[in-house]
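Open the structure in your viewer and keep the selection box handy. Each stop below says what to pick and what is there.

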Amino acid sequence: MGLLNKLVKWARSKSPWILHLNTGGCNACDIEVLAALMPRFDVERFGILLMGSPRHADVLVCTGPITKQMKPRFRKLYEQVPDPKFVMAVGNCACTGGVFKGCYGIEGGIDTTVPVDVYVPGCPPKPEAIIDGVAKLLAKLQGT
Amino acid sequence: MSRVTIPIGPQHPALHEPEHFQIFVEGEIVVDVKPRIGYVHRGIEKALENRTYIQGAFLVERVCGICSNAHQCTFMMAAEEAGGIEISEKASFIRTIVAELERIHSHLLWLGAAGLEIGFETLFMYVWRDREVVMDLLEAISGNRVNYAMNILGGVRRDISPELADKIRKGLDYLEERTNYYKKLCLEESTIRKRTDGIGVLDPITGVKLGATGPTIRASGIKFDVRKNDPHLKYDEADFELITWDTCDTFGRVVVRVLETIESIKIIRWCLNHMPKKGDIMPEKLIRRVPEGEAYARFEAQRGELVYYLKSNGTDKPYRVKIRTPTLANILSVAELLKGSYIADVPIALASIDPCFSCEDRITFVDVEKEKAWTWTREELRKYSREFNEREKRW
């Protein structure tokens, strides 16, 4: 592996920028994701930064099931994220559709629309669980 | 001056949930706003019809994760009213305590988010740090930080022991001290005042006409609070004040929420002191079926009045549930209160109603619009967009 590749890999795993996206969830996972970014849990110490635009992000942190309304928009957002991109599904709904399974307005989990790298189950997962998911993702980043 | 349309959302840094707003501006001034809701529509009301009350309790909780207890509690209140099920004194106290703890959590969350919107990140970090205290208390009571699953038909699922009550009291002392500090901060700090004074003005008459509720309308000086006007749970006995503010702007909404947090702490203290030591918290035998009847339950959720209509038919599943959430009531006033403000003030003015789109997006009203959007082919959509643009030019 060339030096440049090594450098890129190092940079990627030391500062993954995330885009937090609610694809139709109930907010509970969103506040836990935000809580993970706050002083008490502070995932920023891993170099993780919350971004506003998909074009700046490396990792899509998705919460909630995919609603039929969000599906085409979500695909569009996903396509805007530069390669290589990673997707984290936070919460039961994002993993499988969870409690909303069978509702007419939803498609199912995130993986019905885009490939998912890390699943974090829980309703909502505690910030510790989200941090664990992040650590697993970072390990994956180092492997790429 | 020519009119420019600025689309905000469905994904936007100022919105934490998918929602779309078309903002029409002339220069820097907002002249009109069109909210487009429905991205979070999941079909919960329909799903409730083929789930039992016990399953439904977990589903309504996830209408909105921030006011989860309010939803579950109102659903249970409606079912109990419809079926004539009584709840014990102690269960009623516990419901009130959890509801008020949730209000504190939600109001602090909002205060932090508002700090973020106005670029006051220190406030954001401080408030969210202190909010962890109330999250810990809720976790100690219910076992989960969010979505507490406390209510069942005829009572609550978990008791508050005297040791736990002491822990809550200790937590409240800390929260009270911090909230008083935020109160001082909000009333005196010029950073907050400069960004919120006179922004997003909603005069009381328009507010009432558009059906705004909760802190949004109380900040316009209207004394409307279900806890006082139509008391449920233990609110008729609890000693607290109805907070209003008469500046009608975003600043008023900040102050109302901070002061309400202090009142909530008072209510919880009162409940802990007056809660019966002994007594059942739930019926001995789990209630599965609700006798035939219909009911209409009102609850003062954090964002305003939450209403559940429930019709039962004697089986273990509700016949029909209709939910009316506070954000839906408030979203109409958004268009009104954004008019005339600067583009830069849109995020905070929008946030000032504490919008919760996951709450709002289950309503039938959305279906109508949504059906349209679904059935349109690309060509039809293009045609509509052309027509729409032509109309825009004519304006």
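Begin with chain B, which has 16 helices and 8 strands. This is a predicted model. Of the 395 residues of chain B, 51% count as buried. Now consider contacts in chain B between residues at least 6 apart in sequence: 71% of them join residues at least 24 apart.

**Stop 1: H4 and H5 of chain B**

Select residues 89-117 of chain B for helix H4, then add H5(B). The two pack at an angle of about 160°, and their axes are 8 Å apart. Parallel or antiparallel? An angle over 145 degrees counts as roughly antiparallel, and that makes H4(B) roughly antiparallel to H5(B). Their crossing is left-handed.

Show side chains for the contact. On H4(B), pick B:Val98, B:Leu101, B:Ile104, B:His105, B:Leu108, B:Leu109, B:Leu111, B:Gly112, B:Gly115 and B:Leu116. On H5(B), the contact residues include B:Phe124, B:Val127, B:Trp128, B:Val134 and B:Ile141. Colour the contact of H4(B) with H5(B) by class: you get 16 nonpolar, 3 polar and 3 charged residues.

**Stop 2: H5 and H6 of chain B**

Keep H5(B), residues 121-142, and add helix H6, residues 162-188 of chain B. The angle here is about 160°, with the axes 10 Å apart. H5(B) and H6(B) are therefore roughly antiparallel to each other. H5(B) passes H6(B) in a left-handed crossing.

From H5(B), select B:Val127, B:Asp130, B:Val133, B:Val134, B:Leu137, B:Ala140 and B:Ile141. From H6(B), the contact takes in B:Leu164, B:Lys167, B:Ile168, B:Gly171, B:Tyr174, B:Leu175, B:Arg178 and B:Tyr182. How do the residues of this contact divide by class? The contact of H5(B) with H6(B) has 11 nonpolar, 1 polar and 3 charged.

Stay on H6 of chain B and click B:Leu185. B:Leu185 counts as partly exposed, with 18 C-beta neighbours inside 10 Å. Draw a C-alpha to C-alpha distance from B:Leu185 to B:Leu123: 9.4 Å in space, although they are 62 residues apart in sequence.

**Stop 3: where chain B touches chain A**

Turn on both chains. The contact takes 34 residues from chain B and 31 residues from chain A. On the chain B side, three elements give two or more residues: helix H1 (44-49), helix H2 (53-61) and H5. Which element gives the largest share of that side? H5(B) does, with 4 residues. By class, the side of chain B that touches chain A has 17 nonpolar, 9 polar and 8 charged residues.

**Stop 4: H3 of chain A**

Select residues 70-80 of chain A, helix H3. A:Met70, A:Phe74 and A:Leu77 are buried. Look down the axis of H3(A): the buried residues fall within an arc of 60°, so they line one face of the helix. An α-helix has 3.6 residues a turn, so residues three or four places apart point the same way. The cover over the buried residues of H3(A) includes strand S1 (17-22) and strand S4 (66-67) of chain A. Rotate to the other side of H3(A) to find A:Pro72, A:Lys76 and A:Glu79, which are exposed.

**Stop 5: backbone details in chain A**

Move to the loop between H3 and strand S5 (86-90) of chain A, where A:Pro84 sits. A cis peptide bond joins A:Asp83 and A:Pro84, with omega about -10°. Next, find A:Pro124 in the loop between strand S7 (118-120) and helix H5 (127-143) of chain A. The peptide bond from A:Cys123 to A:Pro124 is cis, with omega near -15°.

Now select A:Asp42, in the loop between helix H2 (28-37) and strand S2 (49-51) of chain A. A:Asp42 is not a glycine, yet its phi is positive, about 50°. With 14 C-beta neighbours inside 10 Å, A:Asp42 counts as partly exposed.

**Stop 6: a loop in chain B**

Finish at B:Leu233, in the loop between helix H10 (226-229) and helix H11 (250-274) of chain B. Phi of B:Leu233 is positive here too, near 45°, in a residue other than glycine. Buried or exposed? B:Leu233 is buried, with 23 other C-beta atoms within 10 Å.

Methods
Residues are numbered from 1 along each chain as its sequence is written. Chains are lettered from A and ligands numbered from 1 in the order in which they are written. This is a predicted model: local features need pLDDT of at least 70, side-chain atom pairs count only at pLDDT 80 or more; totals for chains, interfaces and linings use all residues. Axes are lines fitted to C-alpha atoms, for helices over the stretch in contact, and angles run from 0 to 180 degrees between N-to-C directions. Angles under 35 degrees count as roughly parallel, over 145 as roughly antiparallel, 65 to 115 as roughly perpendicular and the rest as oblique. A crossing is left-handed if the near helix is turned anticlockwise from the far one by less than a right angle, and right-handed if clockwise. Two residues are in contact if their C-beta atoms, placed from the backbone, lie within 7 Å. Ala, Val, Leu, Ile, Met, Phe, Trp, Tyr, Cys and Pro count as nonpolar, Asp, Glu, Lys and Arg as charged, and the others, Gly among them, as polar. A residue is buried if 20 or more other C-beta atoms lie within 10 Å of its own, exposed if 12 or fewer, and partly exposed in between; C-beta atoms are placed from the backbone. The arc is that of the directions from the helix axis to the C-beta atoms.
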